[in-house]
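Here are my notes on the model you sent round. Please read them with the structure open.

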Amino acid sequence: MCGIAGIWNQRDEATVLRMTQRMKHRGPDDHGVQAFQAGAASVTLGHRRLSIIDLSPDGHQPMTNEDGTVWITFNGEIYNFPELRKLLEDKGHVFRSRSDTEVIVHGYEEWGHELLPKLNGIFAFGIWDSRKQTLLLARDRFGVKPLYLARVGDRTCFASEIKCLLEVPGLNRELDREAVLAMARYRYCPEPLTLFKHIRKLPPAGWLEISLTGETSGIYFSTDWKEPAAANEAQAAAELRDVLQKAATRQLIADVPVGFFLSGGLDSSALVALTRDALAGQRSKSFTIGFRAEDQKSEGQVDDLIYARRVAQSFGLDHQEIILEPKIVDLLPEVIWHLDEPIADPAAITSHLICGAAASQGIKVLLSGQGGDEVFAGYPWHLGASLARKYRCLPSPVRKLGELFASRIGGLGGKLAGPARRIRKFTASASLPFEDSLLGFLSYADDEALRSLFGSQFNEISAAGWPDKLHRQLLHEAKDLHWINQMLHLDMGTFLPSLNLAYTDKTSMAHSLEVRVPLIDNEVVAHMAHVAPTLKLKGRTRKHLFKQAMRGVLDDEIIDRKKGGFGAPIRTWIKQDLREMIGDLLSPDRIKQRGIFDPVAVAKLIERNARGEQDYSYLIYFLLSFEIWCQRFLDEVPQSLAEAA
């Protein structure tokens with residue numbers, strides 16, 4: 001697991017060295033920069049190394065083949081590299097290291113682009129082929145590892161982090177207003193957008209080949225959804241358990257200790273249980289974060305500590321608990337710097353703290369249960385969409401009565417605050433057609449709020465289909481699928497790579513730590529794509545088949561416990577810990593000076609949130625995070641560039 005960077009069409013080791021230095025945290029163990037020329041084609045590759053497999057100097061990058069005609073800079077892990085290595089050795093390839101990186105080099109020699117669908121892992125890489133005079137860039141199937149692109153004049157630049165690209169002289173830092181609007185709606189920039197108009201993400205399963213004659217690109221994988229009738233449930237559960245067991249065991253491969261994110265929920269607890277035999281004799285470490293009692297009340301948070309403690313004791317883990325204290329004022333700017341974009345999900349703070357605690361204990365690899373909700377149908381909006389199908393069948397007067405009731409419970413607090421919020425959000429969108437109601441459940445700001453915030457800009461940007469354009473494209477792709485699979489297809493293309501995996505990568509690598517996600521292993525996703533949708537969401541039971549697969553492996557109290565979510569006490573922060581910062585950074589003068597949002601609208605929504613008329617907590621958190629991001633990435637970057645030079 002590492003950081004990569006490079007420039008096509010320029011030999012510029014000084015700039016690429018600055019790019020790699022900017023992400024030293026991604027690879028403190030080693031680094032390398034090398035420039036190449038073949039005819040009129042030139043490229044410079046840079047690398048920061050975090051040693052996980054083959055800790056010896058043989059794993060140094062950029063890495064080459066035997067005759068120096070193919071070079072790679074690689075970030076990630078290839079879990080099936082032993083099998084691929086055996087195939088390549090049988091074909092006559094000779095290896096000089098034990099690393100998975102070298103398997104990609106020889107695999108590219110043997111199969112070219114056809115290597116990509118053979119890789120089971122998390123990765124982003126650049127391959128320079130001096131024979132063809134091409135640079136090939138590629139990213140893993142589900143977007144676990146990031147890869148950012150920027151075109152500066154006649155150069156194409158790439159890197160694992162946006163901040164590295166800002167070290168390239170001449171890069172246009174123009175803000176992308178469409179991305180800002182999408183982020184205000186959903187809390188993240190959907191692929192391939194970033195907040196910089198001239199920086200884009202290579203999409204999940206995407207590849208880009210650059211040559212002297214131009215560029216070609218494509219997608220090497222798309223989920224093959226099959227929708228059979230529900231099979232024998234017991235047999236389906238047993239088959240899934242076997243697939244999960246193999247995936248979790250496969251992803252333990254490492255030459256360093258492996259630990260666990262452990263919330264005590266189904267996803268993370270399942271990974272602990274499924275790897276028990278493979279880790280027999282080892283006392284693995286696990287890490288859980290908890291909240292103060294007052295935070296649990298205001299958020300309706302489930303106390304993960306009790307359940308995580310029971311799982312850790314049951315499976316003999318060396319368990320550590322972190323209580324989230326109100327240090328958010330100091331943490332927020334630091335986390336936003338590492339995120340590269342102001343992902344307005346406080347779970348990034350939680351992840352940052354857990355990864356920091358694990359790194360301080362010498363851990364370099366953690367297994368995480370992320371992706372389970374997207375693969376097995378576990379999110380609240382999945383259940384919401386199911387209930388909305390029934391709600392839309394009710395007579396209109398009954399629905400209007402429900403909406404009236406929801407509007408009257410806005411001021412409820414304490415334990416009733418969470419249910420009241422969910423009822424209001426449900427009734428606001430449930431009557432709409434499926435696609436619109438689903439996007440309503442997913443959004444954190446309606447058109448009215450966005451129109452007031454953005455003013456005349458809103459009509460101009462929305463005329464092109466924003467902020468929902470990319471979400472609707474994905475839903476259109478899936479229009480012939482069962483409605484449950486339509487939701488999962490959307491989640492896998494937006495929420496998973498652009499929010500969950502994005503903040504996990506950045507907050508873990510900030511501490512030089514790798515996070516693996518076995519629940520979105522290639523084989524797990526392929527298997528679940530062929531499972532009957534009604535076994536994923538059965539009645540009101542989310543993750544039904546996954547739960548059945550884990551019966552007898554985990555205690556029922558873990559399997560059937562209320563879903564807690566991986567979050568943080570955002571509403572308490574807004575009202576207490578961040579109150580002074582909000583008053584300063586979101587003051588009318590500051591907002592007016594920034595020139596993006598309407599100062600009166602911002603002041604109004606802060607006031608309405610404080611009075612309990614509406615829950616604008618996440619929208620305020622976005623506005624605050626965005627202003628901090630602007631200060632770090634727009635206002636301060638020229639100074640940092642000068643210092644680097």
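The points below cover a sheet, the helix packed on it, and some unusual backbone sites.

1. Status. This is a predicted model. Every value quoted here should be read in that light.

2. Sheet order. Six strands make up an open sheet. Their order is 2-3-1-9-8-10, and the pairing is antiparallel. Strand 2 (30-38) and strand 10 (199-201) are the edges, each with pairing on one side only. From one strand to the next, the twist averages 15°.

3. The strand 10 edge. How many bridges link strand 8 to strand 10? There are three, in the antiparallel sense, with strand 8 spanning residues 148-152. One pairing to look up is that of Ala150, whose bridge partner in strand 10 is Ile199.

4. Helix on the sheet. Helix 1 (residues 13-22) packs on this sheet. It touches strand 1 (2-8), strand 2, strand 3 (41-49) and strand 9 (155-159). The direction of helix 1 makes about 155° with that of strand 1.

5. Cis peptide bonds. Most peptide bonds are trans. Two sites deserve a look on that account. Gln61 and Pro62 are joined by a cis peptide bond, with omega about 0°. Pro62 sits in the loop between strand 3 and strand 4 (63-64). Glu191 and Pro192 are likewise joined by a cis bond, again with omega about 0°. Pro192 belongs to the loop between helix 5 (177-186) and strand 10, and strand 10 is an edge strand of the sheet in point 2.

6. Asp340. Most residues other than glycine have a negative phi. Asp340 is not a glycine, yet its phi is positive, at about 75°. Where is Asp340? The residue lies in the loop between helix 10 (328-339) and helix 11 (347-360). Is Asp340 buried or exposed? The cut-off for buried is under 20% relative accessible area. Asp340 has a relative accessible area of 0%, so it counts as buried.

7. Lys543. Here too phi is positive in a residue other than glycine, with a value near 55°. Lys543 is found in the loop between helix 23 (533-536) and helix 24 (544-550). Its relative accessible area is 7%. Lys543 is therefore buried by the under 20% cut-off.

8. What to check. Please inspect the backbone at the two cis bonds, Gln61 to Pro62 and Glu191 to Pro192. Then look at the positive phi of Asp340 and of Lys543.

Methods. Residues numbered from 1 in each chain as written. Predicted model: local features only at pLDDT ≥ 70, side-chain atom pairs only at ≥ 80, totals over all residues. Heavy atoms only, no water. Pairing = 2+ DSSP bridges. Helix = DSSP H or I, 4+ residues; strand = E, 2+ residues; numbered from the N terminus. Axes fitted to C-alpha atoms, helices over the stretch in contact; angles between N-to-C directions. Contact = heavy atoms within 4.5 Å. Buried < 20%, exposed > 50% of the residue type's maximum accessible area, 1.4 Å probe, protein only.
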